[in-house]
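Q: Please take a close look at one spot in this model for me, and then work outward from there. Keep it relaxed, but keep the numbers in.

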Amino acid sequence: MMDLILWRHAEAEEGSDDLARALTRRGQQQASQMAAWLRDRLPRDFILLASEAKRSQQTAALLSKRYTVLPELNPDARSRR
């Protein structure tokens, strides 16, 4: 059996270049707190995926140094098909 956990990025800056939007200071705190909570509950062999969005990678990095970036997870990936 496999569990799937979807974790959306925390508060991000405003901006016109969606993939370049970073987490705000508050967003970094939110993501850090959630990462600490998740870290105690995830299995040791979890797989972490992130989109190419800066905020997504910042969020993932707070949980683990090891994550995979997938363009298919980008905010506009569905509209590119």
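A: Let's start with A31, which is buried, with a relative accessible area of just 1%. Keep in mind that this is a predicted model, so everything here is computed from it. A31 sits in helix α1, the helix that runs over 25-39. The 1% figure for A31 falls under the 20% cut-off for calling a residue buried, so that label is what A31 gets. Go 47 residues along the sequence from A31 and you reach R78, with the two C-alpha atoms 25 Å apart.

Stay with helix α1 for a moment, since R26 is in it too. R26 makes a salt bridge with E11, and the closest N and O atoms are 3.0 Å apart. E11 comes from the segment before α1, so the bridge ties together parts that are 15 residues apart in sequence. As for cover, E11 is partly exposed, at 33% relative accessibility.

That bridge is one of three salt bridges in the model. The other two meet at D18. One of them pairs D18 with R21, at 2.7 Å between the closest N and O atoms. The two partners fall in separate accessibility classes: D18 is partly exposed at 29%, while R21 is buried at 18%. The second pairs D18 with R55, at 3.1 Å from N to O. This pair links distant parts of the chain, because D18 belongs to the segment before α1 and R55 to helix α2, 37 residues away. R55 is buried, with 5% relative accessibility. Since they share partners, these salt bridges join D18, R21 and R55 into one network.

Helix α2, where R55 sits, also takes us to the largest pocket. The helix spans 54-63 and gives the most to the pocket's lining, with five residues. β1 is another contributor, and it too supplies at least two lining residues. The pocket itself has a volume of about 960 Å³. In total, 28 residues line it, and I5, L6, W7, L48 and L49 are the ones nearest its centre. By character, the lining splits into 19 nonpolar, five polar and four charged residues.

L49 gives us a way from the pocket to the surface. Besides being among the residues nearest the pocket's centre, L49 joins I47 and L73 in a nonpolar surface patch, and together the three have about 320 Å² of accessible area. I47 lies in the loop between α1 and β1 (49-50). I47 is exposed, at 72% relative accessible area; the cut-off for that label is over 50%.

One last hop from I47 leads to A77, 30 residues away along the chain and 21 Å away from C-alpha to C-alpha. A77 is found in the segment after β2 (68-69). A77 is buried, at 16%, whereas I47 is exposed. So that stop brings us back to a buried alanine, which is how we began with A31.

Notes
Residues numbered from 1 in each chain as written. Predicted model: local features only at pLDDT ≥ 70, side-chain atom pairs only at ≥ 80, totals over all residues. Heavy atoms only, no water. Patch = residues over 30% accessible without salt bridge, like charges linked within 9 Å, V, L, I, M, F, W, Y side chains within 5 Å. Areas by Shrake-Rupley, 256 points an atom, 1.4 Å probe, with all protein chains shown as cover. Salt bridge = Lys/Arg side-chain N within 4 Å of Asp/Glu carboxyl O. Helix = DSSP H or I, 4+ residues; strand = E, 2+ residues; numbered from the N terminus. Buried < 20%, exposed > 50% of the residue type's maximum accessible area, 1.4 Å probe, protein only. 1 Å grid on protein atoms, 1.4 Å probe; cavity = no way out; pocket = protein on both sides within 12 Å on 5 of 7 lines; lining within 4 Å. Points joined across faces, edges and corners; volume = space filled by probe spheres on them. Nonpolar A, V, L, I, M, F, W, Y, C, P; charged D, E, K, R; others polar.
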